[in-house]
Amino acid sequence: MLNKIDRNKIKVAEEAVRYIKNGMTVGLGSGSTIDWMLKKLGESVNEGLDIKGIPTSYKTEKLAREYGIPLTDSSNVIEIDLAIDGADEIDEQLNLLKGGGGSLVREKIVDSVAKELIIIADESKLVPALGDFLLPVEVVQFGWELTAHHISQLNCVPYLRKKDNNEIFITDNDNYILDCSFEKIPQPTRLHEKLKLMTGVVETGLFVGMVDRVIIGSDNGIRTHVNEF
Ligand SMILES: O=C(CO)[C@H](O)[C@H](O)COP(=O)(O)O
């Protein structure tokens with residue numbers, strides 16, 4: 001039995017697939033909302049839609065293959081027409097906090113070069129300001145304690161991400177994730193820049209000024225927010 005949030009995720013997943021046209025190279029994000037999108041996209045492919053997907057995680061790659069979606073990778077393309085991804089928080093300027101699933105680096109590489117980026121989410125992801133969700137920061141394994149100490153000087157507590165069995169979570173890029181409690185992030189660009197300058201930091205889950213369109217699902221249906229850059 002599907003819960004309310006899943007039903008809303010399915011609505012936006014189906015709507016997003018309508019933007020995918022024949023011949024496109026499509027960035028395939030990660031997360032449970034994207035899993036629904038892959039299911040729908042697989043159906044469209046089986047009905048004749050001719051596209052190539054670029055997955056942003058091993059999990060997405062595996063599911064896309066199961067659904068019969070043809071895949072390619074970054075060594076074979078020079079352009080990505082459209083990327084569709086999820087988010088953990090979306091603020092009023094359509095900036096994002098991402099990485100709850102741990103795929104932020106590959107997501108950012110793909111999302112940032114796509115000609116168009118569409119984010120799909122249920123309405124619980126809309127926030128006045130980013131930061132209630134712990135900010136994921138991917139760091140190299142070597143010296144992670146030193147990197148964590150450096151990050152903590154920005155007035156946050158970084159927690160090393162662990163799996164349910166208490167093993168350290170390792171990303172698809174063989175790095176660690178520090179989930180950082182910042183409470184509120186009023187200036188996401190500034191914070192992102194400060195973190196990126198720290199040796200040991202690979203990437204942050206702040207996706208600022210990248211989104212073209214956000215499709216939100218709620219009990220009342222779907223609504224679309226378009227970014228006027
Ligand atoms: O950034 C992500 C993974 O790194 C996901 O897009 C984000 O966590 C949203 O996931 P879900 O659709 O399961 O709520």
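1. A definition to start with: two strands count as paired if DSSP finds at least two bridges between them. The strands and helices are DSSP runs numbered from the N terminus, with helices (H or I) of at least four residues and strands (E) of at least two. With that in hand, here is one pair to look up: Arg213 stands opposite Val226 in S13.

2. Some ground rules before going on. This is a predicted model, in which local features need pLDDT of at least 70 and side-chain atom pairs count only at pLDDT 80 or more, while totals for chains, interfaces and linings use all residues. Residues are numbered from 1 along each chain as its sequence is written.

3. Now the overall layout. The domain assignment splits the chain into domain 1 (4–127 + 208–219) and domain 2 (135–204); such bounds come from an automatic or database domain assignment. Taken over C-alpha atoms, the centres of domain 1 and domain 2 are 24 Å apart.

4. Start with the six-stranded sheet. Its strands run in the order S2-S1-S3-S6-S12-S13, and the sheet is open with mixed pairing. Strand S2 (52–55) and S13 sit at the edges with a single partner strand each, so one side of each has no neighbour in the sheet. On average, neighbouring strands here are turned by 20° against each other, direction ignored. For angles, axes are lines fitted to C-alpha atoms (for helices, over the stretch in contact), and values run from 0 to 180 degrees between N-to-C directions.

5. Two helices to find on this sheet. Helix H3 (residues 58–66) packs on it, touching S1 and S2, and its direction makes about 150° with that of S2. Helix H1 (residues 4–17) lies across S3, S6, S12 and S13, at about 145° to S12. Contact means that the C-beta atoms of two residues, placed from the backbone, lie within 7 Å.

6. Have a look at strand S3 (residues 82–85). Both of its faces are covered: Leu82 and Ile84 are buried on one side, Ala83 and Asp85 on the other. Here a residue is buried if 20 or more other C-beta atoms lie within 10 Å of its own, exposed if 12 or fewer, and partly exposed in between, with C-beta atoms placed from the backbone. S3 pairs in the parallel sense with strand S1 (residues 25–28) over three bridges, and Gly27 has Ala83 in S3 as its bridge partner. Four bridges also join S3 to strand S6 (residues 116–122), again running parallel; there, Asp85 is partnered by Ile119 in S6.

7. Is strand S13 buried or in the open? The number of buried residues among the six of S13 (residues 221–226) is zero, so this strand lies largely in the open. S13 is joined to strand S12 (residues 213–218) by six bridges, and the two run antiparallel. A hairpin takes the chain from S12 to S13 through two residues, and Ser218 stands opposite Gly221 in S13.

8. On to the four-stranded sheet. This one is open and antiparallel, in the order S8-S9-S7-S10. Strand S8 (157–160) and strand S10 (201–204) are at the edges, each with a single partner strand, so each has one side without a neighbour in the sheet. The twist averages 30° from one strand to the next.

9. Strand S9 is mostly covered, with five of its six residues buried. S9 (residues 176–181) pairs antiparallel with strand S7 (residues 135–139) over five bridges. Glu138 has Ile177 in S9 as its bridge partner, and Pro136 stands opposite Asp179 in S9. Four bridges join S8 to S9, also antiparallel, with Pro158 opposite Cys180 in S9.

10. Then the domain contact. In all, 13 residues of domain 1 are in contact with 13 residues of domain 2. H4 gives the largest share of the domain 1 side, four residues. Seven of the ten residues of H4 are buried, so this helix is largely enclosed by the rest of the structure; Leu104, Val105 and Arg106 are among them.

11. Last, the ligand. Which residues come nearest? Of the 17 around the ligand, Gly31, Ser32, Gly86, Gly100 and Gly101 do, where being near means a C-beta atom, placed from the backbone, within 6 Å. Helix H2 (32–46) and helix H4 (104–113) are the elements that give two or more residues to this shell. By class, the shell has two nonpolar, eleven polar and four charged residues. Nonpolar covers Ala, Val, Leu, Ile, Met, Phe, Trp, Tyr, Cys and Pro; charged covers Asp, Glu, Lys and Arg; the others, Gly among them, are polar.
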